[in-house]
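Visitor: I've got a few minutes and a new model to look at. Could you walk me through it?

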Amino acid sequence: MTAVFAIRPGAGRPFQHLPGVWRRRSRGAAGRVRRAVRHRGRSDAGMTTAEYAVGTLGACALAAGLYKVVTSAAITGALTEMLERALRAA
């Protein structure tokens with residue numbers, strides 16, 4: 001990939017043909033920009049907080065659904081009958 005250094009619109013010189021000092025300074029600036037962008041993209045503290053919130057909400061919804069099922073009349077009757085049978089067998 002060749003960068004182009006434009007003096008005026010439509011006229012540009014390839015990056016390799018710049019004088020040595022300008023070339024070194026440009027590469028150094030480009031490296032600093034790349035490092036700054038890399039460091040900026042690493043912060044995802046908000047994302048982990050949002051993921052924990054969604055996971056907690058999902059766990060609460062699942063617990064509420066299971067509570068409704070377990071406390072229903074049919075399940076309560078079946079569990080009571082199973083428990084009485086187990087106590088009689090012992």
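Visitor: Let's start with one side chain: is Leu-79 buried, partly exposed or exposed?

Guide: Keep in mind that we're looking at a predicted model. Leu-79 sits in helix 3. Buried would need under 20% relative accessible area and exposed over 50%. Leu-79 has 44%, so the label is partly exposed.

Visitor: Which residues make up the nonpolar surface patch?

Guide: Leu-79 is one of them, and the patch covers about 420 Å². Helix 2 (45–70) and helix 3 are the elements that give two or more residues to the patch. The full membership is Val-69, Val-70, Ile-75, Leu-79 and Met-82.

Visitor: And which element gives the most to that nonpolar patch?

Guide: Leu-79, a patch member, is found in helix 3. The biggest giver supplies three residues, and that's helix 3.

Visitor: Okay, on to charges. Which residue forms a salt bridge with Glu-81?

Guide: As a general point, side chains of opposite charge can pair when their charged atoms come close. The structure holds one salt bridge. Glu-81 and its partner both lie in helix 3 (residues 73–89), four residues apart, about one turn of the helix. The closest N and O atoms are 3.7 Å apart, and the partner is Arg-85.

Visitor: Is Glu-81 buried, partly exposed or exposed?

Guide: Glu-81 belongs to helix 3. Its relative accessibility is 47%, and exposed would take over 50%. That makes Glu-81 partly exposed.

Visitor: Which residues form the positive surface patch?

Guide: Take Arg-38 as a way in: this residue is found in helix 1 (residues 20–40). Arg-38 has a relative accessible area of 49%, and patch residues need over 30%. The patch members are Arg-32, Arg-34, Arg-35 and Arg-38.

Visitor: Zooming out, what pattern does the protein follow along the sequence?

Guide: The secondary structure comes to three helices and two strands. Read along the sequence, they give β-β-α-α-α.

Visitor: What share of the 90 residues is buried?

Guide: The accessible surface comes to about 8,000 Å², with 65% of that belonging to carbon and sulfur atoms. Buried means under 20% relative accessible area. By that cut-off, the buried share of the 90 residues is 3%.

Visitor: Last one: which element has the lowest mean pLDDT?

Guide: The protein averages a pLDDT of 76, and 59% of the residues score at least 70. Where pLDDT is low, the predicted coordinates should not be read in detail. Helix 3 has the highest mean among the elements, at 92. The lowest, at 55, goes to strand 1 (residues 4–8).

Note on methods: Residues are numbered from 1 along each chain as its sequence is written. This is a predicted model: local features need pLDDT of at least 70, side-chain atom pairs count only at pLDDT 80 or more; totals for chains, interfaces and linings use all residues. Side-chain values use heavy atoms; hydrogens and water are left out. Patches are made of residues with over 30% relative accessible area and no salt bridge: like charges are joined within 9 Å, nonpolar side chains (Val, Leu, Ile, Met, Phe, Trp, Tyr) within 5 Å. Accessible areas come from the Shrake-Rupley method with a 1.4 Å probe; for residues, only the protein chains shown count as cover. A salt bridge is a side-chain nitrogen of Lys or Arg within 4 Å of a carboxyl oxygen of Asp or Glu. Lys and Arg count as positive and Asp and Glu as negative; His and the chain ends are not counted. The place of a charge is taken as NZ of Lys, CZ of Arg, CG of Asp or CD of Glu. Buried means under 20% relative accessible area, exposed over 50%, partly exposed in between (1.4 Å probe, protein chains only). pLDDT is the predictor's confidence in each residue, from 0 to 100.
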